[in-house]
Every structure is written in C-alpha cells, then in structure tokens.
Amino acid sequence: MIAAIVFAALAAPALAFHSAGPARTRGQVLEMKEMSKALPFLEKPPKLDGSMIGDYGFDPLGFTNTVPNTHYVQSAEIKHGRVAMLAVVGFILQQYIHLPGEAYTESNPIKAIATVGFVPNIQILLGIGCLELISWDKTFSGSSPAGDFGFDPMNMLKGKSEAEINTMKLKELKNGRLAMFAIIGLIWQNLAFDGAPSL
C-alpha cells in the first residue's frame, strides 16, 4: 500500500508536464507512413516502391535517397553480389588447389595477394578496370535492365517466360546478398585464426 502511495506521489508531478496533444475532430485521420518489409521498425524509402526485383524496402543507410539514379544502385548491388559469389569460391579453392609455380603455393588467400607479386595483381586490376569501362554505359544510363550485360553462355534464360526470368534474377540477387556476407565472414575467420582453412 505504501509503495502505491509513493508511486502516485512521484508520478503526479511528472504527469503535470505531459501534453495531451492537439484536440482531434471526429473526422480527422492520422497519416501513417508505410513501413519497410525488411525492417518493420523503419519507414520504407520513397524510391523503393517494390517495382524492382528483390526490393523489400531495405535501405538503412539511405543510398536511394542520396544517389539519384536507382538503376545505378541496383546495378552496383548485382555486380557486388556476382563478385562476392566468385570470391567465396576462389577464397575456398585457393586453400586447396594451386596453379603451377612457386609463387602460387601459398594456401592462405590473404597472404597469397602479396606472395604472387606486383605484376599479376596489376594485371587483375587492369582486367577489372577494362570490364568496368566496357559496362560503364549500361550501368549508369539505364539503357538495359540492371545487371544485364548480354552474357549468358549457358543459355539459362533462353526460352523462359518473363515470370521465370524474374525468378532466376531474384535467386541470383539473393545468392549474391548471401555471398557478400559470406566473403566478409571468410575474411574475418581467416584473420582471426591466422589463415586456418575455411573448410
């Protein structure tokens, strides 16, 4: 009983400063912002309207608000996902399979970057730069669907309906997102355990 009296005595002054808010008429309706599907406690970014494949309203850093070209943001995500998928495979294979030659015998993928030497690393960077220059217009202009560079050597999309193509694109996007997390995990595991094998 005494605890309830003490609580009421302490709560009364605090409630004196509480505003009841503006009076609302009967017909007045509060406008509710649409919430993100991915993060239901955050508002959905205005540019993410669900029209793009894989759009669940996930943009906690606000890239779609700061970068005016959403086609570029989508293309960048697809490209990073593809690179991450290749990186995960390469990171694991590097530990067990090596090219001939003494420069390629390092099993630790992080140390292998320095072991290989300067010239092969420059060749890799120049190759990446050439690919970026070739795809520059398609990435920034939006003249073709995001991530579509006309490269389908196994004809995975040939003869498929629009719905089947969109399903394949969504699978690629989700696998790319997973691979981006996976390569970060592999690198951290490698650094934390001094190059211990990933598998």
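What percentage of the 199 residues in the protein is buried? Buried residues make up 19%, where buried means under 20% relative accessible area, exposed over 50% and partly exposed in between (1.4 Å probe, protein chains only). The model is predicted: local features need pLDDT of at least 70, side-chain atom pairs count only at pLDDT 80 or more, and totals for chains, interfaces and linings use all residues. Residues are numbered from 1 along each chain as its sequence is written, and side-chain values use heavy atoms, with hydrogens and water left out.

The protein has seven helices and zero strands. Both kinds of element are DSSP runs numbered from the N terminus; helices are H or I with at least four residues, and strands are E with at least two. The order of elements from the N terminus is α-α-α-α-α-α-α. Contacts are heavy atoms within 4.5 Å. Of the contacts with a separation of 6 or more, 50% join residues 24 or more positions apart. The exposed surface of the protein is about 15000 Å², with 69% supplied by carbon and sulfur atoms. Accessible areas come from the Shrake-Rupley method with a 1.4 Å probe; for residues, only the protein chains shown count as cover.

Pockets and cavities were then located on a 1 Å grid over the protein atoms alone. A cavity is a set of points where a 1.4 Å probe fits but cannot get out; a pocket is an open set with protein on both sides within 12 Å along at least five of seven lines. Lining residues have an atom within 4 Å of a point. Grid points are joined across faces, edges and corners, and a volume is the space filled by probe spheres set on the points.

The second largest pocket holds about 780 Å³. Its lining comprises 25 residues; Phe58, Phe63, Val73, Glu77 and Arg177 lie nearest its centre. Helices H2 (63-66), H3 (70-93) and H7 (162-192) each supply at least two lining residues. H3 gives the most, with seven. By class, the lining has 15 nonpolar, six polar and four charged residues. Ala, Val, Leu, Ile, Met, Phe, Trp, Tyr, Cys and Pro count as nonpolar, Asp, Glu, Lys and Arg as charged, and the others, Gly among them, as polar.

One cavity of 30 Å³ or more was counted. The largest cavity has a volume of about 30 Å³. Glu77, Ile78, Gly81, Arg82, Met85, Glu172, Leu173 and Gly176 line this cavity. H3 and H7 each supply at least two of these residues, and H3 has the largest share, five. The cavity lining divides into three nonpolar, two polar and three charged residues. Glu77 thus recurs: it lies in the cavity lining and is among the residues nearest the centre of the second largest pocket.
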